[in-house]
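Here's a walk through the sheets of this model and what packs on them. Have the structure open while you read.

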Amino acid sequence: MKKSKIIGTGSFLPEKIVTNADLEKILDTSDQWIRERTGIRERRVAHDDETGSDMAEIAAQRAMKAAGVDPQEIGLIVVGTTTPDVVFPSSACLLQARLSLPDCGAMDVNAACSGFMYALSIADKYIRCGDVKKALVIGFDKLTSMLDWNDRGTAVLFADGAGAVVLEAADEPGILSTHIHAAGRHSDLLGVDVGVGVGFKEEKRGGVRIKMKGNEVFKVAVRTLGRIVDETLEHNNMDKSDLDWLIPHQANYRIITATAKKLGLTMDQVVVTVDRHGNTSAASVPLALDEAIRSGKVKRGDLLLLEAFGGGFTWASALIRY
Ligand code: ACO
């Protein structure tokens with residue numbers, strides 16, 4: 001059976017930087033509170049007319065360039081996002097056309113912050129079963145378009161961005177395993193409770209706005225991520241001491257350090273971007289991965305553990321021999 005290997009990564013962040021000092025001017029918050037409770041110093045915010053697929057297109061072009069792959073070679077595109085430009089066509093179809101990919105399969109996955117990890121898992125399976133030789137996997141979100149800038153519980157956290165990887169079939173892994181989970185029973189703790197089915201009426205539900213019971217989400221996230229890293233290592237008969245890098249979802253520095261501590265890793269072995277990126281949802285893990293690879297931190301042969309947790313709840317992981 002074939003395995004899949006990451007042969008190129010790319011990412012994109014909007015130009016506009018919003019610092020904690022900027023948020024102090026519009027919200028009852030402080031730089032100190034945001035830094036101490038989340039680890040965030042600044043985040044990137046897309047312009048009103050800059051869509052998620054605008055960001056994703058650039059991230060994907062960079063990933064294909066890094067991989068040395070012609071768009072016509074791509075056999076599948078899977079996109080993790082919760083903020084598509086339009087209801088349909090899917091972001092994957094829009095990007096397939098914009099990137100001049102062939103008439104390959106194209107699909108979106110909605111798993112909130114775990115969207116990229118879910119997309120990676122699906123693409124990996126298509127490569128393993130032999131149906132696809134090269135796949136483009138993208139995670140993007142423009143969560144600021146769903147933010148209530150008067151809600152200090154969410155406005156300080158979320159941000160915009162995109163990341164992408166190109167996978168290729170190989171005899172040696174590559175991706176050793178992926179794991180996906182969900183628990184829909186917690187849907188009341190984090191979500192955007194409007195949509196095509198229930199309607200978008202402002203007076204009814206307050207508009208297209210993220211609502212989160214942050215403290216309760218925090219507790220489930222720490223517990224759940226602790227469990228999935230164990231599951232991932234056990235599945236591969238590996239020990240936490242085998243790991244070179246943890247590349248976690250960038251939601252909160254305190255959640256990241258709790259996972260690192262459980263794995264016995266020093267913070268030097270953890271890729272952290274939350275201080276500069278905030279929580280970019282489905283873009284968070286591929287952005288961190290791309291930054292770590294391009295900076296030379298992550299080297300070929302290193303063992304990487306990727307994980308994410310998000311609305312749904314959803315959570316996912318991947319163990320990768322880079
Ligand atoms: N500035 C100042 N004070 C604030 C702010 C703020 N921005 N936000 C909340 N507070 C206050 C609260 O009102 C509360 O005040 P009180 O004690 O007087 O009632 C106090 O700070 C503590 O509030 P908590 O919510 O208990 O703070 P906590 O330490 O839990 O931090 C946070 C909040 C940062 C949201 C944290 O809970 C968190 O990171 N949660 C997880 C988020 C996450 O991982 N989401 C999943 C992925 S996102 C996705 O899928 C889209």
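In this predicted model, helix α11 (residues 284–294) lies across β1, β6 (134–142) and β7, running at about 95° to β1. Those three strands belong to an open sheet of 5 strands, with mixed pairing and the order β1-β7-β6-β4-β5. At the edges you'll find β1 (3–12) and β5 (105–109), each with a single partner strand, so one side of each has no neighbour in the sheet. From one strand to the next, the twist averages 20°.

Here's how some of the strands in that sheet pair up, with one residue pair for each.

| Strands | Sense | Bridges | Residue pair |
|---|---|---|---|
| β1 and β7 (residues 160–170) | antiparallel | 9 bridges | Ile-6 and Leu-167 |
| β6 and β7 | antiparallel | 9 bridges | Ala-135 and Leu-167 |
| β4 and β6 | parallel | 5 bridges | Leu-76 and Ala-135 |

Leu-167 in β7 stands opposite Ile-6 and also opposite Ala-135. Ala-135, in turn, is the bridge partner of Leu-76.

Is β6 buried or exposed? It's largely enclosed by the rest of the structure, because 9 of its 9 residues are buried, with buried meaning under 20% relative accessible area. In a regular strand, side chains alternate between the two faces of the sheet. Going along β6, Lys-134, Leu-136, Ile-138, Phe-140 and Lys-142 point one way, while Ala-135, Val-137, Gly-139 and Asp-141 point the other way. Both sets are buried, lysines and aspartate included.

Now for the other sheet. This one is open too, with 4 strands in the order β8-β13-β12-β11 and mixed pairing. Its edge strands are β8 (175–182) and β11 (245–248), each pairing on one side only. The twist here averages 10° from one strand to the next. Helix α8 (residues 214–235) packs on this sheet, where it touches β8, β12 and β13 (314–321), and its direction makes about 145° with that of β12. As for β11, 4 bridges join it to β12 (residues 303–310), and the two run parallel. Trp-245 stands opposite Leu-304 in β12.

Last stop, the surface. Which residues make the nonpolar patch of about 510 Å²? They're Val-87, Phe-88, Val-196 and Phe-200. Val-87 is found in the loop between β4 (76–80) and α4 (91–98). It counts as exposed because its relative accessibility is 67%, and the cut-off for exposed is over 50%.

Note on methods. Residues are numbered from 1 along each chain as its sequence is written. This is a predicted model: local features need pLDDT of at least 70, side-chain atom pairs count only at pLDDT 80 or more; totals for chains, interfaces and linings use all residues. Side-chain values use heavy atoms; hydrogens and water are left out. Two strands pair if DSSP finds at least two bridges between them. Axes are lines fitted to C-alpha atoms, for helices over the stretch in contact, and angles run from 0 to 180 degrees between N-to-C directions. Contact means heavy atoms within 4.5 Å. Patches are made of residues with over 30% relative accessible area and no salt bridge: like charges are joined within 9 Å, nonpolar side chains (Val, Leu, Ile, Met, Phe, Trp, Tyr) within 5 Å. Accessible areas come from the Shrake-Rupley method with a 1.4 Å probe; for residues, only the protein chains shown count as cover. A salt bridge is a side-chain nitrogen of Lys or Arg within 4 Å of a carboxyl oxygen of Asp or Glu. Buried means under 20% relative accessible area, exposed over 50%, partly exposed in between (1.4 Å probe, protein chains only).
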